[in-house]
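Open your viewer and get the selection tool ready. We will go from stop to stop, with a suggestion for what to pick at each one.

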Amino acid sequence: MTAFGNASLNHLEITQSNKTSSPKQCFSGVSQVSIAVHVFTILASLIGNSLLIVSCTRKKESWLLYIMNMATSDLLVAIFLLPRFIIDEITGSGAFLVHGLGGTFLCKMCSFLSDISLSVSTLTLVTIAVERFLAVVNPLLHIRTTSSRKRRRLVIALTWILAAALHLPYFYTFRLTRVAIGQDDYIQICFPSWEPAFDDNTGQVYYNIFLFTTVLILPLLVISILYIAVALRVRNNNKGKFQFRKVSRRRQEFTRNLLKMAVATVAAFSVCWTMFIVIAFINIFSTSLILTCNKSYMVVSYIANLLASCYCAVNPWVCFIFIPGFSRELRIIIQNQNHRGFNAKDRNSSRKSQTTHVVLPLESFVKQKVQERSNP
């Protein structure tokens with residue numbers, strides 16, 4: 001998200017300041033709304049993804065490793081990217097606050113980690129869709145090839161390796177760049193540039209198209225096709241009496257819940273990223289269409305950036321809503337925390353009562369001995 005078409009809100013304002021106006025310049029109160037949305041997204045992502053990881057750990061089912069992997073990747077966005085957006089909104093300049101070699105390292109690493117998280121998340125969604133497709137269409141092949149815990153860990157490692165490989169150019173392109181904001185005033189921003197090895201405009205366009213295709217468009221198409229095939233197969237199985245007897249009701253209910261979660265996940269993915277993709281492609285290919293303070297474009301661009309930044313908080317709550325096991329685990333975790341709190345209070349009260357029962361007789365014994373010595 002940091003580098004896609006230079007489409008993050010702070011980068012757009014700097015690179016296109018001579019051609020277009022940012023939402024901050026066209027509308028009042030934009031910064032306050034952005035800060036509120038980003039803070040809410042960080043809290044929802046940290047709480048939701050952390051609870052999802054704990055729930056998956058408690059259930060100890062191997063297929064939940066994919067859910068844990070997706071939750072971990074979403075946490076990276078909340079930790080490394082959204083705080084930068086909040087700082088940019090507060091300062092109003094997009095300046096990178098850390099300078100020198102440390103600032104260059106943080107510029108590269110924060111951009112790299114925050115953007116590979118999106119790739120890991122989409123690749124994990126594709127992996128889950130492939131597993132669900134095999135489980136419904138060819139259960140024996142699914143058991144032989146993908147059901148073991150060791151193989152799933154290998155697939156998870158491959159998602160991170162592939163995501164890192166897709167974003168390796170970040171270590172070359174992202175750097176601290178000085179930008180003039182006045183006659184004698186300069187700021188440093190963390191910004192991608194393909195120079196001097198490549199032409200900056202051409203390299204940025206081709207690389208952005210490559211990232212959009214591999215990270216967003218192709219995964220969305222593959223996930224949609226696979227889940228449509230799964231839904232059709234489940235529907236045909238429900239019509240056949242023999243197959244209906246063969247598959248248990250519990251298994252069917254589990255598959256239906258997964259399909260509901262899949263539909264909700266694809267819908268959330270589409271809502272959060274479709275507008276962002278359209279705006280980014282407009283920025284890449286048709287910058288002449290973007291007029292100064294074009295209110296319609298600015299509103300759509302602003303909403304697209306906010307929706308894209310909110311995606312890291314969506315997946316955990318989709319899982320809690322559409323998979324009953326997660327909601328049960330969440331209730332158990334909350335109940336256990338309440339019981340621990342009550343038990344801690346009981347232990348503290350019992351300790352206080354024990355100390356009072358022990359100290360009072362000791363004090364009376366000492367007083368008695370002192371009186372006996374003073375009055376022989």
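Which residues form a nonpolar patch on the surface? Select Val39, Leu43, Leu46, Ile47, Ile79, Trp317 and Ile321: together they have about 620 Å² of accessible area. Keep in mind as you look around that this is a predicted model.

**The patch and its helices**

Colour α3 (30–59) and α14 (315–322) next, since each of these helices supplies at least two residues of the nonpolar patch. The biggest share comes from α3, which gives four residues. Click on Leu46, which sits in helix α3. Its relative accessible area is 33%, so Leu46 counts as partly exposed.

**Along helix α3**

Stay on α3 and pick Ile35, another residue of this helix. Ile35 is partly exposed because its relative accessibility is 23%, and the cut-off for buried is under 20%. Now add Ile86 to the selection: 51 residues separate Ile35 and Ile86 in sequence, yet their C-alpha atoms lie 5.6 Å apart. Show Glu89 and Ile90 as well; apart from neighbours within four places in sequence, Ile35 is in contact with Ile86, Glu89 and Ile90.

Then move to Ser55, also found in helix α3. Is Ser55 buried or exposed? With a relative accessible area of 0%, Ser55 is buried. Turn on the backbone atoms here: the side chain of Ser55 reaches the backbone oxygen of Leu51 at 2.8 Å.

**Into helix α6**

Select residues 100–137 to bring up helix α6, and within it find Ser111. Ser111 has a relative accessible area of 0%, so this serine is buried. Display the side chain of Arg84 beside it: a polar contact of 3.4 Å joins the side chains of Ser111 and Arg84. Phe80 is worth adding too, as a partner from elsewhere in the sequence. Phe80 and Ser111 are 31 residues apart along the chain, and their C-alpha atoms are separated by 7.7 Å.

**The salt bridge**

How many salt bridges does a search of the whole structure find? The search finds one. To see it, select Glu131 and Arg152, whose closest N and O atoms are 2.8 Å apart. This pair links distant parts of the chain, with Glu131 in helix α6 and Arg152 in helix α8 (residues 149–166), 21 residues apart. Side chains of opposite charge can pair when their charged atoms come close. Switch on a surface and look for the two partners: both Glu131 and Arg152 are buried.

**The hairpin**

Select residues 174–180 for strand β1 and residues 186–192 for strand β2; the two run antiparallel and are joined by seven bridges. Five residues lie between β1 and β2, and the two strands form a hairpin. For one of the pairings, pick Thr177 and look across to β2, where its bridge partner is Ile189.

**Zooming out**

Finally, clear the selection and colour by secondary structure. You will have 15 helices and two strands on screen. Buried residues account for 45% of the 376 residues in the protein. If you draw the surface, the accessible area comes to about 20300 Å², and 65% of it belongs to carbon and sulfur atoms. A contact map makes a good last view: among contacts between residues at least 6 apart in sequence, 78% join residues at least 24 apart.

How values were computed: Residues are numbered from 1 along each chain as its sequence is written. This is a predicted model: local features need pLDDT of at least 70, side-chain atom pairs count only at pLDDT 80 or more; totals for chains, interfaces and linings use all residues. Side-chain values use heavy atoms; hydrogens and water are left out. Buried means under 20% relative accessible area, exposed over 50%, partly exposed in between (1.4 Å probe, protein chains only). A polar contact is a pair of N or O atoms within 3.5 Å; within protein, one must be able to donate a hydrogen and the other to accept it, and residues adjacent in sequence count only if both atoms are side-chain atoms. Contact means heavy atoms within 4.5 Å. Accessible areas come from the Shrake-Rupley method with a 1.4 Å probe; for residues, only the protein chains shown count as cover. Patches are made of residues with over 30% relative accessible area and no salt bridge: like charges are joined within 9 Å, nonpolar side chains (Val, Leu, Ile, Met, Phe, Trp, Tyr) within 5 Å. A salt bridge is a side-chain nitrogen of Lys or Arg within 4 Å of a carboxyl oxygen of Asp or Glu. Two strands pair if DSSP finds at least two bridges between them.
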